[in-house]
Amino acid sequence: MNLEEIRSQFPITRHYNFQDHAGIAPLSAPAAQAMAAYAQELAEWAYLKGTYHRTIDHVRQAAARLLNADPDEITFVKNTSEGINYVANGIQWVTGDNVVSNAMEFPANVYPWMNLEHRGVNLKVVAEENGRIPFDRLAAAIDRRTRVVAISAVQWSNGFRTDLVRLGELCASRGVLLCVDAIQALGVHPIDVRKMGIDFLAADGHKWLCGPDGAGIFFCRRELLGHLRPSEPGYLCMKLDWDSRERKLEFRDDARRFDSGAYNLAGICALGASINLLLEVGIEEVQRRVKQLTDRLVEGLNRKGWKVCSPRTSSEWSGIVSFASDKHDLPNLQKHLREEFKIVVARRLGRLRASPHFYNTPEEIDQLVDALPGH
Ligand SMILES: Cc1ncc(COP(=O)(O)O)c(C=O)c1O
């Protein structure tokens, strides 16, 4: 697909120079069409055609390809928080256990762990340093009572990317489980749960995957499926068919053991359509384009005297570029960019945050740089 064809899959390009995929991304056209088709079919045929459960299986397979996982290690969640809570509430904790995390995490990856305090589980928060989570500090925080390291693949505020291969090796060597919040990476950086030694992963679809909110993915490594107790049991997670008078609390063997009741079918169909688009382009190619665009942006920001707050080394960069100024009124500037120039960026922790995706153009990056005041 050339750039023009890719852009035709993103109707937002008709209205905005949109560079906030780390916030809530626009739906891709295939995702919007999948939702519309679902609604149409539901209106005309209810569930009588009976095709949607097959569609869900296809989406599960696409999600598994995206992660290099097996389809039966994947299920769908309503958001990232739900997946993280499956882990936090599913482990058989012993008083005195701890979880190692860090001070940069988005709250979705903090509160599920803080909530374990009443069960005697301590959350150890490693301090950040210059917008990074130092690997050695994480390693030093792991002790013999650490059960889980909980971390984002990419940090929401400044885009610092975790070296998951290295961290996965560390966790495996120390007998600690690795739980990854992947929402700021999935769809732009290759994530390979095997190569990275990831035990659990959760990501909603509404950022770099360009799906709707409320439809996400949860991965649990096969060997751990039986160790994580499902915390929201319903009728779809049981071995026994629900159309029976019998009741037997026996969970399925695959990741659907974490399901409860009805699925968000519209959302899952749309998520699947976007994942397929990304897989068709290729995640390596998506990443290559995002690198070029963000490098161009960083260069422009440096030229204009803005302070770039995102680490940019080869193992740390991501699609998020955060930049600061103590000279300008950032709330007003953000508003001005949107209203005058149709450029959408976010403001987080007192900085501007741009997060262009693979369908953005170098010209759009230049428009942003040109529209920013100098120093
Ligand atoms: C790192 C990270 N995790 C999670 C979320 C959102 O969580 P959820 O999918 O539960 O809404 C965000 C949203 O900004 C995020 O940046």
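This is a short walk through two places in the structure: its largest pocket and the surroundings of its ligand. Keep in mind that the model is predicted.

Let us start with the pocket. The largest one holds about 470 Å³ of space. Its lining is made up of 23 residues. If you want to find the middle of this space in the viewer, look for His 53, Tyr 235, Leu 236, Trp 242 and Tyr 263, the lining residues that lie nearest the pocket's centre. Which helix gives the largest share of the lining? That is helix H3, which spans residues 52-67 and contributes 5 residues. Sorted by class, the lining of this pocket has 13 nonpolar residues, along with 7 charged and 3 polar ones.

Now turn to the ligand. Here 13 residues form the surroundings, and the closest of them are Thr 80, Ser 81, Asp 181, Gln 184 and Lys 207. By class, this shell has 6 polar, 4 nonpolar and 3 charged residues.

Some of these neighbours are worth a visit one by one. In Ser 81, an N or O atom of the side chain sits 2.6 Å from an oxygen atom of the ligand. The side chain of Gln 184 likewise has an N or O atom facing a ligand oxygen atom, here at 2.9 Å. With Asp 181, the ligand's partner atom is a nitrogen, 2.5 Å from an N or O atom of the side chain. How much of the ligand's area does the protein bury? On its own the ligand would expose 400 Å², and the protein buries 87% of that.

How values were computed
Residues numbered from 1 in each chain as written. Predicted model: local features only at pLDDT ≥ 70, side-chain atom pairs only at ≥ 80, totals over all residues. Heavy atoms only, no water. 1 Å grid on protein atoms, 1.4 Å probe; cavity = no way out; pocket = protein on both sides within 12 Å on 5 of 7 lines; lining within 4 Å. Points joined across faces, edges and corners; volume = space filled by probe spheres on them. Helix = DSSP H or I, 4+ residues; strand = E, 2+ residues; numbered from the N terminus. Nonpolar A, V, L, I, M, F, W, Y, C, P; charged D, E, K, R; others polar. Near = heavy atom within 4 Å. Polar contact = N/O pair within 3.5 Å; in protein donor to acceptor, adjacent residues only side chain to side chain. Areas by Shrake-Rupley, 256 points an atom, 1.4 Å probe, with all protein chains shown as cover.
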